[in-house]
Amino acid sequence: VAASDGDLSDGIVVICPYSVNYKAAHSRMFVAFYVDEAVTSSSVRSRRGFINNAIGVSFAVMTGISNLSPSFADGDDINQLTDVYFGVGCFWHIQHEFVEAERRLLNRSDKELTSLTGYAGGKSLGDRGNVCYHNLQFIADYGRLGHGEVVGMKIPISSIGNFAKEYFSLYSPTNERVDPGDVGPEYRSLIGFPGGIHNPAFQLVEEAATSRGLKLVEGRGNDPDTLGKKIVYVMDSEKFPFYQAEVYHQYHDDFQSPPYGRKYNSLAKLAFEDGRVKETGCPDRLPM
């Protein structure tokens, strides 16, 4: 390996062995990078960040993904947080299950929980740029705007596969949502993360779906209901972002389970007070 000017006296060469298994094409490669010592001498952390960045870029080159999300190509490591969302039926039950997943898989405390109910997958917004639940004033009604109920969260990139497995475990034994009485596109099955089907983590999500007999389909926005079709829409969250639901929809009891208890319900007030849950500009009830 040689630098462009042929002089390696003032820098280092990083050689990264990297094994790639992308869409069943297994390859092994070595990526060599020359780095000027002036760039790498600042700290061990910055050097480690460079190496991880190099691996992310090499993954994009190897797999042909030119629009790799910055959350995968940049940052210090695969523990960098990224925004994702999951929806399948009423979001009250789904939020509770992902709160438990955050605690179990990420060891998060009550003040660190990020799972919030919300809306995603629609092509339109209200006049104020917001999305609201059904209301008597017909303000930014999420159903009329083409959105579905989802739960959004911030998780490490490395955890997307585990959270996908958690998501698919929420389906009934017949691979339908557990509340089939809720009918309509508002309750469709959808998943969102940066890049959608072009995200490197898509393979992990696809494997989890296939193991349950479900098929992933690229979402186009304002998609129809998935009930009885055994499909899940995959959304590019950069094109179809998450919109937080009203405060009164956070940490709410559902109709599939016994009441979760006052301690769980009180998480809404805690999250509102510390800023994790915000006012939406929709008709709402704020915690006292």
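**Exercise 1. Find which residues His 96 touches, leaving out those up to four places away in sequence.**

Solution. Start with the contacts: His 96 touches Tyr 260 and Tyr 264 once residues up to four places away in sequence are set aside. Keep in mind that this is a predicted model. Next, place the residue: His 96 sits in helix H4, which covers residues 91-106. Last, check its accessibility. His 96 comes out at 13%, and the cut-off for buried is under 20%, so His 96 counts as buried.

**Exercise 2. Take the salt bridge between Asp 83 and Lys 154 and work out how far apart the two residues are along the chain.**

Solution. First, the bridge itself: the side chains of Asp 83 and Lys 154 meet at 2.7 Å, N to O. Now look at where each one lives. Asp 83 belongs to strand E3 (residues 81-87) and Lys 154 to strand E5 (residues 148-156), so the pair links distant parts of the chain, 71 residues apart. Then ask how open the partners are. Asp 83 has 41% relative accessibility, so it's partly exposed. Lys 154, at 38%, is partly exposed too.

**Exercise 3. Decide whether Glu 102 and Arg 108 are buried or exposed, then do the job for Glu 166.**

Solution. Begin with the first pair, whose side chains form a salt bridge at 2.5 Å, N to O. Glu 102 has a relative accessible area of 0%, so it is buried. Arg 108 comes in at 14%, so it counts as buried as well.

Move on to Glu 166, which forms a salt bridge with Arg 104 at 2.6 Å, N to O. This pair joins distant parts of the chain: Glu 166 is in helix H5 (residues 160-168), Arg 104 is in helix H4, and 62 residues separate them. With a relative accessible area of 15%, Glu 166 is buried.

To finish the charge survey, Glu 100, Arg 103 and Asp 110 are tied into one network by salt bridges that share partners. The whole structure holds nine salt bridges.

**Exercise 4. Describe the second largest pocket: its space, its lining and the elements that give two or more residues to it.**

Solution. Step one is the volume, about 340 Å³. Step two is the lining, made up of 18 residues; the closest to the pocket's centre are Asp 83, Leu 116, Met 153, Lys 154 and Phe 242. You've met Asp 83 and Lys 154 already, as salt-bridge partners. Step three: E3 and E5 are the elements that give two or more residues to the lining. Step four is the chemistry, with eight nonpolar, five polar and five charged residues.

**Exercise 5. Work out how many cavities of 30 Å³ or more there are, and what lines the largest cavity.**

Solution. The count comes to one cavity of 30 Å³ or more. The largest cavity has a volume of about 60 Å³. Its lining includes Val 88, Tyr 171, Asn 175, Glu 176 and Arg 177, and further along the chain Leu 214, Thr 226, Lys 230 and Ile 231 are also among the lining residues. Sorted by class, the lining splits into five nonpolar, three polar and three charged residues.

**Exercise 6. List the buried residues of helix H6 and say what happens to the backbone just after it.**

Solution. Helix H6 spans residues 202-211, and its buried residues are Phe 202, Gln 203, Val 205, Ala 208 and Ala 209. A rule of thumb helps here: an α-helix has 3.6 residues a turn, so residues three or four places apart point the same way. Now step off the end of the helix: just after H6, Gly 213 takes a positive phi of about 75°.

Definitions and conventions. Residues numbered from 1 in each chain as written. Predicted model: local features only at pLDDT ≥ 70, side-chain atom pairs only at ≥ 80, totals over all residues. Heavy atoms only, no water. Buried < 20%, exposed > 50% of the residue type's maximum accessible area, 1.4 Å probe, protein only. Helix = DSSP H or I, 4+ residues; strand = E, 2+ residues; numbered from the N terminus. Contact = heavy atoms within 4.5 Å. Salt bridge = Lys/Arg side-chain N within 4 Å of Asp/Glu carboxyl O. 1 Å grid on protein atoms, 1.4 Å probe; cavity = no way out; pocket = protein on both sides within 12 Å on 5 of 7 lines; lining within 4 Å. Points joined across faces, edges and corners; volume = space filled by probe spheres on them. Nonpolar A, V, L, I, M, F, W, Y, C, P; charged D, E, K, R; others polar.
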